[in-house]
Amino acid sequence: MATKGKFIVFEGIDGSGKSSQMRLLAQYLGDRGVRVHLTCEPTQSPIGSLLRDCLTGKLDTDERTIAALFAADRLHHIYGSEDGILARLDAGESVLCDRFYFSSLAYNGGMAESEWVKQLNTPAMNACVPDLVVFIDLTPEDAMARILRRGKTDRYESVGLLEKIRTGYLKAFENVPSEKLAFIKSEQEKSDTQQHIRNAVDRVYGF
């Protein structure tokens, strides 16, 4: 029977660089002999595709609908029989996930009724607890500068909203045990940020 894999979640406001840092960590773990599966939310499922249309403005909808779609997409992500997070972990793979329920608490919880958003996500919160949450912190001003260099924005990408979302993250992390949260400052050099992440992840694996 395979040893259960580790579940590591990457969080941060838009522009924080978490997706790039997650890929760098996957390469590092692979070089250490760890079987790694990369995934993200919204997922590539039909629910996730609908969500991306909402986030990019292709489909006009309100925040409550988006919050409900994220909760549904997340449950499908967790419980999928072949490609779901739990199935991957049970097969001995480590799963690195770009966004999880903390994103809903931070983003949707600041735009819709926060307690309702939390209730929507309670089944996911009970079903799949991360071994480590990597939060990459960056000022909203610096994040927007990166986003504008990219040349396109989505629903949440303004300095004011990103400031509100960052505050939402800090509130969402209040009940996370310190050993399960790596609060990483986004450095000017990607390699420096990555080294801080690896230091935290090494403790999870006992390297």
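Biologist: How much area does the protein chain expose, and what share of it do carbon and sulfur atoms supply?

Modeller: The chain exposes about 10300 Å², and carbon and sulfur atoms supply 50% of that. Accessible areas come from the Shrake-Rupley method with a 1.4 Å probe, and for residues only the protein chains shown count as cover. This is a predicted model: local features need pLDDT of at least 70, side-chain atom pairs count only at pLDDT 80 or more, and totals for chains, interfaces and linings use all residues. Residues are numbered from 1 along each chain as its sequence is written, and side-chain values use heavy atoms, with hydrogens and water left out.

Biologist: How many helices and strands does the protein chain have?

Modeller: There are nine helices and five strands. Both are DSSP runs numbered from the N terminus: a helix is H or I over at least four residues, a strand E over at least two. Along the sequence they follow the pattern β-α-β-α-α-α-β-α-α-β-α-α-β-α.

Biologist: Why is the chain called as compact as a globular protein of its length?

Modeller: Its radius of gyration is 16 Å, close to the 17 Å that the globule rule gives for 207 residues, so the description fits. The radius is taken over C-alpha atoms, and the rule is 2.2 Å times the number of residues to the power 0.38.

Biologist: What makes β2 and β3 a pair?

Modeller: Two strands pair if DSSP finds at least two bridges between them. β2 and β3 (residues 94–98) have five, in the parallel sense, so they meet the definition. One bridge partner in β3 is Val95, which faces His37.

Biologist: Which strands are the edge strands of the sheet?

Modeller: The open sheet has the order β2-β3-β1-β4-β5, with parallel pairing. β2 (36–40) and β5 (181–185) each pair on one side only, and that puts them at the edges.

Biologist: Why is the contact between Arg74 and Glu41 called a salt bridge?

Modeller: The term needs a side-chain nitrogen of Lys or Arg within 4 Å of a carboxyl oxygen of Asp or Glu. Here the N to O distance is 2.7 Å, so the pair qualifies. Arg74 lies in helix α3 (residues 63–79) and Glu41 in the loop between β2 and α2 (46–55), so the salt bridge ties together parts that are 33 residues apart in sequence. The structure holds eight salt bridges. Among them is the pair Arg88 and Glu93, at 3.0 Å.

Biologist: What does the salt bridge of Arg166 and Asp137 tie together?

Modeller: Their side chains meet at 2.8 Å, N to O. Arg166 belongs to helix α8 (residues 159–172) and Asp137 to strand β4 (residues 132–137), so parts 29 residues apart in sequence are joined.

Biologist: Why is Asp137 called buried?

Modeller: Buried means under 20% relative accessible area, exposed over 50%, and partly exposed in between, with a 1.4 Å probe and protein chains only. Asp137 has 14%, so it is buried. Leu51 has 0%, so Leu51 is buried as well. Of the 207 residues, 48% count as buried.

Biologist: Which residues does Leu51 touch, leaving out those up to four places away in sequence?

Modeller: Leu51, found in helix α2, touches Pro42, Ile66, Leu69, Phe70 and Asp73. Contact means heavy atoms within 4.5 Å. Leu51 and Leu69 are 18 residues apart in sequence and 6.7 Å apart in space, C-alpha to C-alpha.
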